[in-house]
Amino acid sequence: MAIAGRRQRRKEERPGEIVEAAFEEFARSGFAATKLDDVAARAGITKGTIYLYFPSKEDLFLATIREMNRPSQENLAALTAVPQGSAMAILRSHFAFVYEHMVEDRRAREILRMLLAEVSRFPDLAARWRAEVIGPAVENLRRVVRYGIERGEFRACAAEEFPHLLFAPVMMACTWRLMFGDDHALDGAAYLAGHLDLMERGLVRGEGSGE
């Protein structure tokens, strides 16, 4: 029974191990050049084992993206499931989490680099990434903006139609880090504070908001 239990645990852990190995291979070679044989070798399994969990290389790539983005997605989903209190406080909490787990995380930046390099060449991959990863994130941000408008905290503005605007400074910070590394490094804490200040001035009703 003990041996069977260990085997069951190994089976349950295997998808995560495959995703970890895939991340390293995709980061090293890119989507197009990565071979599942190399992923299997890094994970210490046979190529056939990969297909037990992931039907194709595309499915494995998307699973890798989802796993790397999972902390931020789960954070925002939890904050917006039953929103309470200040909408701006929700955004502050979420974006502080995002900067820690995306901007300051090498693995998350590598995912972004891979996507920017690959998705234009693979339209089906781009469509699935948008539907399975980006789309839900955008809708969750839109939910926060609408919640803020409904409670009279936020003014009606373009961020309801384009929640992407709220996330744009994150993409800029990630791109900057990808391009320059530690050279010309941004002050992360000051940049986050500036992002939150800009967002608050653009969203919150009151003096200077035009309402």
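## Exercises on a predicted model

At 5% relative accessibility, His 195 counts as buried. The structure above is a predicted model, so keep it open while you work through these exercises.

**Exercise 1. Describe the surroundings of His 195: which helix holds His 195, and which residues does His 195 touch?**

Step 1. Start with the backbone: His 195 belongs to helix 10, which covers residues 188-203.

Step 2. Check the exposure. Buried means under 20% relative accessible area, and His 195, at 5%, therefore counts as buried.

Step 3. List the neighbours. Leaving out residues up to four places away in sequence, His 195 touches Phe 95, Tyr 99, Leu 166, Pro 169 and Val 170.

Step 4. Look for a polar partner. The side chains of His 195 and Tyr 99 are joined by a polar contact of 2.8 Å.

**Exercise 2. Work out how helix 5 is oriented against helix 7: roughly parallel or roughly antiparallel?**

Step 1. Find the two elements: helix 5 is residues 87-103, and helix 7 is residues 123-150.

Step 2. Take the geometry. The two helices pack at an angle of about 155°, and their axes are 8 Å apart.

Step 3. Apply the cut-off. Angles over 145 degrees count as roughly antiparallel, so helix 5 is roughly antiparallel to helix 7.

Step 4. Name the residues in the contact. Helix 5 contributes Ala 87, Ile 90, Leu 91, His 94 and Phe 95, while helix 7 contributes Leu 141, Val 144, Tyr 147 and Gly 148.

Step 5. Sort them by character: seven are nonpolar, two are polar and none is charged. Phe 95 of helix 5 may look familiar, since Phe 95 is also one of the residues that His 195 touches.

**Exercise 3. Decide for Ala 131 and His 184: buried or exposed?**

Step 1. Place Ala 131 in helix 7. With 52% relative accessibility, Ala 131 counts as exposed, because the cut-off for exposed is over 50%.

Step 2. Place His 184 in the loop between helix 9 (164-180) and helix 10. Its relative accessible area is 59%, so His 184 is exposed.

Step 3. Look at the backbone of His 184 too. Most residues other than glycine have a negative phi. The phi of His 184, however, is near 55°, a positive value.

**Exercise 4. Characterise residues 35-54: what feature does UniProt place there?**

Step 1. Read the record: an unreviewed UniProt entry places the feature "DNA-binding region" at residues 35-54.

Step 2. Turn to the model. This span is 75% helix and 0% strand, and its end C-alpha atoms lie 14 Å apart.

Notes: Residues are numbered from 1 along each chain as its sequence is written. This is a predicted model: local features need pLDDT of at least 70, side-chain atom pairs count only at pLDDT 80 or more; totals for chains, interfaces and linings use all residues. Side-chain values use heavy atoms; hydrogens and water are left out. Helices (H or I, at least four residues) and strands (E, at least two) are DSSP runs, numbered from the N terminus. Buried means under 20% relative accessible area, exposed over 50%, partly exposed in between (1.4 Å probe, protein chains only). UniProt positions are given in the numbering used here, feature names are shortened, and annotations may be inferred rather than shown by experiment. Axes are lines fitted to C-alpha atoms, for helices over the stretch in contact, and angles run from 0 to 180 degrees between N-to-C directions. Angles under 35 degrees count as roughly parallel, over 145 as roughly antiparallel, 65 to 115 as roughly perpendicular and the rest as oblique. Contact means heavy atoms within 4.5 Å. Ala, Val, Leu, Ile, Met, Phe, Trp, Tyr, Cys and Pro count as nonpolar, Asp, Glu, Lys and Arg as charged, and the others, Gly among them, as polar. A polar contact is a pair of N or O atoms within 3.5 Å; within protein, one must be able to donate a hydrogen and the other to accept it, and residues adjacent in sequence count only if both atoms are side-chain atoms.
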